[in-house]
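Good morning, and thank you for coming. I should like to present one structure today, with attention to its strands and how they pair.

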Amino acid sequence: EMKAAMKEHKGVVTCIKIRANNMECVSSSDDGTCIIWDLNRFVRNQIIFANTLFKAVCYQPEETQLLTGGSDRKISYWETLDGSQIREMEGSADGSINGLDISDDGNYFVSG
């Protein structure tokens, strides 16, 4: 049974990840936004804007930061609390970042 529809993205949703506590999730979209959602109230907690078509998103193990990748070939770290960008690095010499995952200890991530 569907509980709610959370609609704010203007483009295709490309990835969704749920926090370990099941109280929050993040969605990425090719509209240039990632949205952190409250899964209890079914509302937006935070929004991240960037000049990219987001393709992938994942939580770091502590779940206080996000990693994103997209059409700009960059991998970025973001604060979940306020949506501010922490760091950005080149992730690909050519082509989009279409997938991301991070190790359980947070020491390594992979992209493709």
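Two strands are said to pair if DSSP finds at least two bridges between them. Strands themselves are DSSP runs (E, at least two residues), numbered from the N terminus. Please note that this is a predicted model, in which local features need pLDDT of at least 70, side-chain atom pairs count only at pLDDT 80 or more, and totals for chains, interfaces and linings use all residues. Residues are numbered from 1 along each chain as its sequence is written, and side-chain values use heavy atoms, with hydrogens and water left out.

Let us begin with strand β1, residues 13–18, which pairs with β2 in the antiparallel sense over five bridges. Here C15 stands opposite S28 of β2. The two strands form a hairpin with five residues between them, and N22 in the turn has a positive phi of about 60°.

On its other pairing, β2 meets strand β3, residues 33–38, again antiparallel and over five bridges. E24 has D38 of β3 as its bridge partner. This hairpin has three residues between its strands, and G32 in the turn has a positive phi of about 90°.

Is β2 buried or exposed? Six of its six residues, 24–29, are buried (under 20% relative accessible area, 1.4 Å probe, protein chains only), so β2 is largely enclosed by the rest of the structure. In general, side chains in a regular strand alternate between the two faces of the sheet. In β2, both faces are covered: E24, V26 and S28 lie on one side, with C25, S27 and S29 on the other.

Methods. Buried means under 20% relative accessible area, exposed over 50%, partly exposed in between (1.4 Å probe, protein chains only). Helices (H or I, at least four residues) and strands (E, at least two) are DSSP runs, numbered from the N terminus.
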